[in-house]
Amino acid sequence: MAESTHSHHPDPWIAPRARGPLHGDVALPGSKSLTNRELVLAALADGPSTIRLPLHSRDSALMVAALRQLGVGIEEVEPAGTQPNPYGPDLRITPAPLHGDVAVDCGLAGTVMRFLPPLAALATGPVTVDGDPYARKRPMGAVIGALADLGVDVTDDGDSAMPFSFTGTGSVRGGRLTIDASASSQFVSGLLLSAPRFDEGLHLTHVGDRLPSLPHIDMTVEVLRARGVRVDQPAVGEWVVHPGPIAARDVTIEPDLSNAAPFAAAALVAGGTVRIRTWPTATTQVGADLETLLPLWGATVTRDGDDLVFDGGVGVAGGAPLPGVTLDLTRGGELAPALVALSALADGPSEITGIGHLRGHETDRLAALAADVNRSGGSVQELDDGLRITPARLHGGDWAAYDDHRMATAGALVGLVVDGVAVDDVGCTAKTLPQFPDLWADLVATGTKGA
């Protein structure tokens, strides 16, 4: 069974109940995955970069703080032009020689704990990497082993986990490297992002029985190429990053489409239509798969006209009974909590597989989802690689977030149609979406019209 890392949350958040079909129009802040990738690349670039419409959340703040510790200049600047960001200022990143003598706090952010160590290995001096208590349980062996194989003098407690430390010499040799990234695609992305600055670049090969979340690696390759880095992919699970400069570049961050999952799914749970504004036409974000996944549950998904920054919005209409589904979610495991919540409210049994790696996320998401739904009167069975969900009438009560933002938002989704779902720590949504409680309350309020 999943264990919550907080023993007591004094004020549970009672998820608001929808009183009628929703009529929402939701604008979400920037992508966490893109923000933290661009921060790393901007820190290693050959000149200053500006990141427009970045995410301001705990995960991005941890990345900014870590880069500043290493010597990178990062300042908040007011947006230029006519497109203010309601969620915070733009970021101006000025690269500088990296120095050690730092202790990096990764919190519970996978992108920080997997992306930052290869970059910090380019610094001069000792670096210690640690995080929240549960973060010490997250898989880190591939990062620690890769650093050692690249010639970095790295020391851990023998458990292939945080905390660990190393002493940077100002350069990393690079060259050929083999890792097992079965537990997380972030192991690959973290190495690729810093690889152009390695003396020999990097020829990385994945060995292992699976490679989850491939769209996230595609995203990494795309942002590297956009900054002039040559990346070859000679075979599936193999990448060659050529050494060379990383171009300074001003970028605009897309809205976070994974954070769109509970909002879009809300239309299926409560009925009505929810529009997510500024949905990009082409993207490497795995949340874009919602356009094809939600129709499996009966959604009608439509696109609308041009937007100021991106290409219009996506509308999701629901209201029909929810069928059960059989789904391989290997590409987009981070969508699983919302889709499992949806399945727990469906009329037929569902099986969602390809998500075994979620056991190593912010919490063991398979155990956590099963525990929360079953505590609410549902019937969820853990499989080796997924979950089997059998319909049952749910009731209110405690819903544990396990310090996991996506567990909290899954509880909110169930609470749309189940009275008294009490999420013990909605504040953990600040990891990637600090405004979640307010945005959710605003959305649910649209269902009171005419109710």
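The exercises below, each with a worked solution, concern a predicted model.

**Exercise 1**

Determine the strand order of the open sheet that contains strand 15, and explain why strand 2 and strand 16 each have one side without a neighbour.

Solution. Begin with the order, which is 2-15-17-16 for this open sheet of 4 strands, with mixed pairing. Strand 2 (22-26) and strand 16 (300-303) stand at the edges with a single partner strand each, so one side of each lacks a neighbour in the sheet. From one strand to the next, the twist averages 15°.

Next, take the pair formed by strand 15 (residues 272-276) and strand 17 (residues 314-318): their pairing is antiparallel and runs over 5 bridges. Within it, Gly-272 stands opposite Gly-318 in strand 17.

Finally, add the helix. Helix 7 (residues 260-270) lies across strand 2, strand 15 and strand 17. Its direction is at about 165° to strand 15.

**Exercise 2**

Find which strands stand at the edges of the open sheet with the order 4-5-3-14.

Solution. The sheet has 4 strands and mixed pairing. Its edge strands are strand 4 (73-77) and strand 14 (251-252), each of which pairs on one side only. The partner relation of strand 4 to strand 5 (residues 90-94) is antiparallel, over 5 bridges. As one position in this pair, Val-77 stands opposite Asp-90 in strand 5.

**Exercise 3**

State in which sense strand 10 and strand 11 pair, and give the handedness of the β-α-β unit they make with helix 5.

Solution. Strand 10 (residues 175-179) pairs with strand 11 (residues 202-206) in the parallel sense, over 5 bridges. A position to locate in the model is Arg-176, whose bridge partner in strand 11 is His-203. With helix 5 (residues 186-194), the two strands make a β-α-β unit that is right-handed.

**Exercise 4**

Classify the packing of helix 10 and helix 11 by angle, and name the residues that meet.

Solution. Helix 10 (residues 365-375) and helix 11 (residues 405-415) have axes 11 Å apart and pack at an angle of about 25°. Angles under 35 degrees count as roughly parallel. The two helices, helix 10 and helix 11, are therefore roughly parallel to each other. Their crossing is right-handed. On the helix 10 side, Arg-365, Ala-368, Leu-369 and Asp-372 take part; in helix 11 they meet His-405, Arg-406, Met-407 and Ala-410.

**Exercise 5**

Decide whether His-216 is buried or exposed, and list its contacts beyond four places in sequence.

Solution. His-216 belongs to helix 6 (residues 214-226). The cut-off for buried is under 20% relative accessible area. His-216 has a relative accessibility of 9%, so it counts as buried. Leaving aside neighbours within four places in sequence, His-216 is in contact with Ser-33, Arg-37, Ser-185, Ser-189, Val-286 and Glu-334.

**Exercise 6**

Place Thr-353 in its element, assign its exposure class, and state how far it is from Asp-153.

Solution. Thr-353 is in strand 19 (residues 350-353). Its relative accessibility is 22%, so Thr-353 counts as partly exposed. Not counting residues up to four places away in sequence, Thr-353 touches Leu-327, Asp-328, Leu-329, Thr-330, Leu-383, Asp-385 and Gly-386. For the last step, compare positions in sequence and space: Thr-353 and Asp-153 are 200 residues apart in sequence, and their C-alpha atoms are 39 Å apart.

Methods: Residues numbered from 1 in each chain as written. Predicted model: local features only at pLDDT ≥ 70, side-chain atom pairs only at ≥ 80, totals over all residues. Heavy atoms only, no water. Pairing = 2+ DSSP bridges. Axes fitted to C-alpha atoms, helices over the stretch in contact; angles between N-to-C directions. Contact = heavy atoms within 4.5 Å. Right-handed = clockwise from strand over helix to strand, strands pointing away. Buried < 20%, exposed > 50% of the residue type's maximum accessible area, 1.4 Å probe, protein only. Parallel < 35°, antiparallel > 145°, perpendicular 65-115°, else oblique. Left-handed = near helix turned anticlockwise from the far one by under 90°.
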